[in-house]
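Reader: I have a new model open on my screen and would like to learn how to read it. Could we go through it feature by feature?

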Amino acid sequence: MKLWHCKDARSFRVLWALEELGLPYELKLLPFPPRWLKPEYLELNPLGTIPFFTDGDVRMTESAAICQYLADKAGRLRIAPDDPRYGDYLNFLHQSDATLTFPQTLVFRYLHLENPENRNPKVAEDYRRWFLARTIWAERALADGREWLCGDFTVADIAVAYALLFANTLGHLGEVGPHLLSFWERCQARDGFQRAKAAQRA
Ligand SMILES: N[C@@H](CCC(=O)N[C@@H](CS)C(=O)NCC(=O)O)C(=O)O
């Protein structure tokens, strides 16, 4: 398996899942954003986005889907379809990017990535509030004292926790709820998380 990755970008979900599952992989580190700084990357992935992941002939570009693929292939860190928590599991997995990271990317874009003349603090502020409002589902799930979103640790925890990593990068982590903040502490303490951080440093 090969993973194209930029430090602390959404591909970190996949890197962390690979480390938690103990799967062998080759890491290809790119500068961010690759579409500008490594234009030849577009020949591999015409979207220009990361992650880009291959496993033999399989080619994938969606971080949450790749985590689901890895957990299913390994038969671990997932909730099986015959388990009553399966719906919750899939919901968190997909919520992680479609509902949580999506507004964060607009904050990032309109505060940092755009050329100065195109930056827009009002858009960034609106989507910062949008993100914070959307964290309520996970915050409430954790309010009963459970350690992980579905009870056991799964790739859905990895996918949702990435939104907290990004919140930290963007400077709004302190505004999420207390249960999510404790969850984020537990995530960072995991060996798999630490190994993924070390892998991207190396
Ligand atoms: N929905 C995709 C989004 C992938 C994506 O947009 N990644 C961002 C980095 S976090 C990216 O590559 N941005 C650079 C660009 O669009 O040029 C996922 O979850 O993997």
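Reader: Let's begin with contacts along the chain. What percentage of contacts between residues at least 6 apart in sequence join residues at least 24 apart?

Author: Contacts can be sorted by how far apart the partners sit in sequence. In this predicted model, 67% of the contacts between residues at least 6 apart join residues at least 24 apart.

Reader: Thanks! Which residues does Ala167 touch, leaving out those up to four places away in sequence?

Author: Ala167 touches Gln104, His172, Leu173 and Val176 on that count. Ala167 itself lies in helix H8. Another pair to look at is Ala167 and Phe131, 36 residues apart in sequence but 9.1 Å apart in space, C-alpha to C-alpha.

Reader: Why does Ala167 count as buried?

Author: Burial here is a matter of counting neighbours, with 20 or more C-beta atoms within 10 Å as the cut-off. Ala167 has 24 C-beta neighbours inside 10 Å, so it counts as buried. Over the whole protein chain, buried residues make up 36% of the 202 residues.

Reader: And the overall dimensions?

Author: A compact globule of 202 residues would have a radius of gyration near 17 Å, and the protein chain agrees, with 17 Å. Its C-alpha atoms fill a box of roughly 50 × 45 × 30 Å along the principal axes.

Reader: In what order do the helices and strands come?

Author: Reading from the N terminus, you find β-α-β-α-α-β-β-α-α-α-α-α-α-α. That gives 10 helices and four strands.

Reader: How should I read the strand pairing?

Author: Happily, you can go strand by strand. Strand E1 (residues 2-5) runs antiparallel to E3, with three bridges joining them, and Leu3 stands opposite Phe53 in E3. E3 is also antiparallel to E4, again through three bridges; there, Phe53 stands opposite Met60. E3 and E4 form a hairpin with two residues between them, and Gly56 in the turn has a positive phi of about 65°.

Reader: Which non-glycine residues have a positive phi?

Author: Asp8, with a phi of about 60°, is one of them, and Leu77, with about 55°, is another. Asp8 sits in the loop between E1 and H1, while Leu77 lies in the loop between H4 and H5. Asp8 has 16 C-beta neighbours inside 10 Å and therefore counts as partly exposed; Leu77 has 20 and so counts as buried.

Reader: Now a helix, please. Which residues of H4 are buried?

Author: The general idea is that an α-helix has 3.6 residues a turn, so residues three or four places apart point the same way. In H4, the buried residues are Ser63, Ala64, Ile66, Cys67, Gln68, Leu70 and Ala71. Their cover includes helix H1, strands E3 and E4, and helices H5 and H8. Just after H4, Gly75 takes a positive phi of about 70°.

Reader: Where are the cis peptide bonds?

Author: Omega is the angle to check. One cis bond joins Phe32 and Pro33, with omega about -5°, and another joins Ile50 and Pro51, with omega about 10°. Pro33 lies in the loop between strand E2 and helix H2, and Pro51 in the loop between helix H3 and E3.

Reader: Finally, which residues surround the ligand?

Author: Both of those prolines, Pro33 and Pro51, are in the shell, and so are others including Asp97, Arg10, Arg35, Glu62, Ser63 and Ala64. By character, the shell divides into five nonpolar, three polar and four charged residues.

Note on methods. Residues numbered from 1 in each chain as written. Predicted model: local features only at pLDDT ≥ 70, side-chain atom pairs only at ≥ 80, totals over all residues. Rg over C-alpha atoms; globule rule 2.2 N^0.38 Å. Buried ≥ 20, exposed ≤ 12 C-beta atoms within 10 Å, placed from the backbone. Contact = placed C-beta atoms within 7 Å. Near = placed C-beta within 6 Å. Nonpolar A, V, L, I, M, F, W, Y, C, P; charged D, E, K, R; others polar. Pairing = 2+ DSSP bridges.
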